[in-house]
Amino acid sequence: MLDHCSISHKGGIVLWSRSFTPAASHSTNSAASPVNSLIREALIEGRTAEDKYEKDGYAVKWSFVNDLELIFVVAYQRILQLTYVDELLAALKTLFVKLFEPFLATFVASLHAANGAKSLASAGAAAASWNFAQAFDNWDNVFDKLLRGLEDKAALSRRNRLGQPAARVVENSSPPSDDLSTITVPSESNAQVIDGEQIARNVHALKNRLRGRGGKPGRCGPGRPEPGSGGDSLPGSDTDTQSKRKVKAKVQRKWGNEAPTESDMASLDYSHETADSAKPGASLDLSALVDKSSLGVRNEEGLYEVKDWEFSTASGKSTEDVIAEVLKNAPQSAKPTSTSGSLGALGSIFARLTGSKVLSEEDLKPVLESMKQHLMKKNVAKEISEKVCEGVGESLVGKKVGGFQTTNAAVRLALSNAITRILTPKTSTDLLLSIRTKLSSPLPSTQQRLPYSIVFVGVNGVGKSTNLSKVCFWLIQNGLRVLIAACDTFRSGAVEQLRVHVRNLSMLAVNGADDSKGRVELYERGYGKDAAGIAKEAISYAKDNDFDVVLIDTAGRMQDNEPLMRALAKLVATNSPDKIIFVGEALVGNEAVDQLTKFDRALRDFSASSGGKERGIDGMLVTKWDTVDDKVGAALSMTYVTGQPIIFVGCGQTYTDLRQLRVSNVVQAILSD
């Protein structure tokens, strides 16, 4: 059963709508309605190539008629498997346009005239003067007949699958007619009724087969717990995982023919600092820790800002100049060559689309394929490339072009707008503003202020600890006291790595002082401990000792490792951090989609099941950015999957090698040939 169906103009004017339930009718005009959420989070952000959109238990599907600027939307309960929704949308488009095309064309033309001559308010007043109820007087009857026919067809198909006899529906495949009384819905005929006795025999055979499998001795294998015995429960933390592993005794390694003496062992022991090494700057070259050329700048308020990442072509041209030149220089008679993935081939294909005509799917198919290949060469994930191209194609189908220059402008606008909408963040990327807002917000006199906490998560080896230290340097430069919590209790050397970073950061000058000692500390409890408990103790310690920010380092884990993902969700649910930052590589390509999707979904599912608030990824930090040149497609893939912004990118080995991304620079790099 449907909940809501509507037909509206892309400008936001609803031409016709119907709600089928009281709840849907009540929420139709609210900001939280599934249709309004679809417009904000999918259509405006360019995610028009998705199969469907889900929000608050609703599934929403939509379709466009670009030449008339119409959007057809159907919403229903997500738990229901309505197989006829796609067919309903296609039939709605066909019938509505066929019956009311003259009126719709006049209406759209009047809107364009009002927008061109007057203000937006005047355009809205012009739209309000149209009487849609009178114009679409008989549409309710047409819709009811169409919906009833599709529901009967779906019910017949369902009964046939269950083996229940049902009355056949007369097949009528004739095209829609202008006569409303003759409108029918095609339906299946000659349905095969499955023999009930055969189904019973199949079920009986399946039960016997399963019973035989379960009775085989030794199925669980030696040492494996029997199902239901309690030994097969999943660990709740990194500590639980390690405690269940059998610890093997390490054989002492011998050098030469004799065992090492005590003096030899002492010479090899570097676990304790000597008196000389404890002195600041005794054996440390501080100039190697900071790259003067990559230092940020201070704004008018005296705040330290990291530099922007800049992409510059050989000629230093802007984004639109790059695309326009590639498309303009392509000969109109050119045909796609072996380099069909380049934008030059894209321009040559569009050069054939000259003259006044309406672009169709067949016209755009080779162009979209070239566009997809180009995006994949820029390291955009294959799935994301296909969806972006489908969205661009939907915005161009039905558009009229009058000469190559018009086509050039249409392609440039559609492609640039699609990528820009995806990359433009819907939340603030000013992390320093969020920190200062929390630290300066008023509190009751009986309540102690909590520090701003940030958790860094990601797979193994992407550079979480290294880039955490870069973020720490940025915070120290802005006069904040930072506590680093060593919650990676699994990887050998993880605590020692953070200890070295804290030692280095404490000796770097800040705000003209000789060093920043006292501005950064390390909170660690060694290895083999519960990461969630260490994070909680660190936040409590920071609160008691007036630290402003807590940076929580976590162990790397693969996105498919459910026990470790549960342990990470436990840490999030227990400590409720202000930000969860996913650290990923710029080199991943297709793997970015899988990593981010599963990390975000696991955090949301497991944190909610732990009794806490559902939390997902709040932002991303992309590492090894300096290794990809103009192949920056990972940024597009990551932002498309989560809808969250990229806060920083890491591009070097010193503490100053941190950059901010500007959307225009990323768009220019992706579209460069």
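The legends below describe close-up views of a predicted model. Local features need pLDDT of at least 70 and side-chain atom pairs count only at pLDDT 80 or more, while totals for chains, interfaces and linings use all residues. Residues are numbered from 1 along each chain as its sequence is written, and side-chain values use heavy atoms, with hydrogens and water left out.

**View 1. Aromatic pair of Phe100 and Trp139.** The ring centres lie 6.1 Å apart with the planes at 75 degrees, so the pair is edge-to-face. Rings of Phe, Tyr and Trp (its six-membered ring) pair if their centres lie within 6.5 Å; planes under 30 degrees apart are stacked, over 60 edge-to-face and the rest tilted. Phe100 belongs to helix H3 (residues 85-117) and Trp139 to helix H6 (residues 139-162), 39 residues apart. Helices (H or I, at least four residues) and strands (E, at least two) are DSSP runs, numbered from the N terminus. Both Phe100 and Trp139 are buried, that is, under 20% relative accessible area (exposed is over 50%, partly exposed in between; 1.4 Å probe, protein chains only).

**View 2. Ring cluster containing Phe100 and Trp139.** Ring pairs join these two residues in a cluster with Trp16, Phe20, Phe72, Phe96, Phe103, Phe107, Phe132, Phe136 and Phe143. The whole structure holds 20 aromatic pairs.

**View 3. Edge-to-face pair of Trp309 and Trp625.** The centres are 5.5 Å apart and the planes meet at 90 degrees. The pair links distant parts of the chain, 316 residues apart. Trp309 lies in the loop between strand S8 (307-308) and helix H10 (319-329), and Trp625 in the loop between strand S16 (619-623) and helix H21 (633-642). Trp309 counts as buried because its relative accessibility is 12%; for Trp625, also buried, the value is 2%.

**View 4. Arg481 over the face of Phe547.** Arg481 is 4.1 Å from the ring centre. A charge sits over a ring if NZ of Lys or CZ of Arg is within 6 Å of the ring centre and within 35 degrees of the ring normal.

**View 5. Helix H22 (residues 663-671).** Seven of its nine residues are buried, so the helix is largely enclosed by the rest of the structure. The buried residues are Asn665, Val666, Val667, Gln668, Ala669, Ile670 and Leu671.
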